[in-house]
Amino acid sequence: MPILMRGLQDLCPQVKKSCAMAIAKVLTERNRKEESPEREEELLNMLYGLLRDTDPHTIVTLLEAINEIEPEGIAMSKKLTFYLVENIAIFSEIQLAVVFKYIELYDPKNEDELYQILNVVANRIKSCLLYTS
């Protein structure tokens, strides 16, 4: 696992993505065998921390990897949801399908949060429609 952990710090997005998926596979396999890896929480924290990466491919891969590892799925906090929403412009249309799947998991605490999310998403959809016209 130390090699995979170092790979998460690599500058190349492809290396980060590959390491994230490898970690997901290893931890998922351990969970199936009901082994309790001592570093699982540390690895999950690293993966959550890397969600602030600037590469959209890496972010999408990390979302999928974390969701696969976590027994109840990825924990969509307000902070993570708003980070994804505020950076929605960096994602391609295909990546947006994955990102929206996770944004949808967040339960807004009030109408203001809901409208903030919807306004940003609506603006992104408008810009996509204008771009393709």
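**Exercise 1.** Leaving aside its neighbours within four places in sequence, which residues is Q95 in contact with? Place Q95 in the predicted model and state whether Q95 is buried or exposed.

*Solution.* Step 1: find the element. Q95 lies in helix α6.

Step 2: list the contacts. Once neighbours within four places in sequence are set aside, Q95 is in contact with P56, H57, V60 and I90.

Step 3: check the distance along the chain against the distance in space. Q95 and T61 are 34 residues apart along the chain, and their C-alpha atoms are separated by 9.6 Å.

Step 4: judge the accessibility. The relative accessibility of Q95 is 7%. Buried means under 20%, so Q95 counts as buried.

**Exercise 2.** Describe how α4 and α6 cross, and sort the residues of their contact by type.

*Solution.* Step 1: take the geometry. The axes of α4 and α6 come within 10 Å, and they cross at roughly 40°.

Step 2: classify the angle. Because of this angle, α4 is oblique to α6.

Step 3: give the hand. α4 and α6 make a left-handed crossing.

Step 4: name the residues. From α4 the contact uses P56, H57, V60, L63, E64 and N67, and from α6 it uses Q95, V98, V99, K101 and Y102.

Step 5: sort them. Six residues of the contact of α4 with α6 are nonpolar, three are polar and two are charged.

**Exercise 3.** Do the same for α3 and α4: at what angle do they pack, and which residues make the contact?

*Solution.* Step 1: the angle between α3 and α4 is about 155°, and their axes are 9 Å apart.

Step 2: angles over 145 degrees count as roughly antiparallel, so α3 is roughly antiparallel to α4.

Step 3: the crossing of α3 past α4 is left-handed.

Step 4: α3 contributes E40, L44, L47, Y48 and L50 to the contact, while α4 contributes L62, I66 and I69.

Step 5: the contact of α3 with α4 divides into seven nonpolar residues, no polar ones and one charged.

**Exercise 4.** Which residues touch the most other members of the largest nonpolar core, and which element gives the largest share of this core?

*Solution.* Step 1: the largest nonpolar core has 38 residues, and L8, I23, L47, L63 and L84 touch the most other members.

Step 2: elements giving two or more residues to this core include α1 (2-7), α4 (56-69) and α7 (111-132).

Step 3: α4 supplies the largest share of this core, seven residues.

Step 4: follow one member. Not counting residues up to four places away in sequence, L63 touches L51, I74, L84, V99 and Y102.

Conventions
Residues are numbered from 1 along each chain as its sequence is written. This is a predicted model: local features need pLDDT of at least 70, side-chain atom pairs count only at pLDDT 80 or more; totals for chains, interfaces and linings use all residues. Side-chain values use heavy atoms; hydrogens and water are left out. A nonpolar core is a set of buried Ala, Val, Leu, Ile, Met, Phe, Trp, Tyr and Cys residues joined through side-chain atoms within 4.5 Å. Buried means under 20% relative accessible area, exposed over 50%, partly exposed in between (1.4 Å probe, protein chains only). Helices (H or I, at least four residues) and strands (E, at least two) are DSSP runs, numbered from the N terminus. Contact means heavy atoms within 4.5 Å. Axes are lines fitted to C-alpha atoms, for helices over the stretch in contact, and angles run from 0 to 180 degrees between N-to-C directions. Angles under 35 degrees count as roughly parallel, over 145 as roughly antiparallel, 65 to 115 as roughly perpendicular and the rest as oblique. A crossing is left-handed if the near helix is turned anticlockwise from the far one by less than a right angle, and right-handed if clockwise. Ala, Val, Leu, Ile, Met, Phe, Trp, Tyr, Cys and Pro count as nonpolar, Asp, Glu, Lys and Arg as charged, and the others, Gly among them, as polar.
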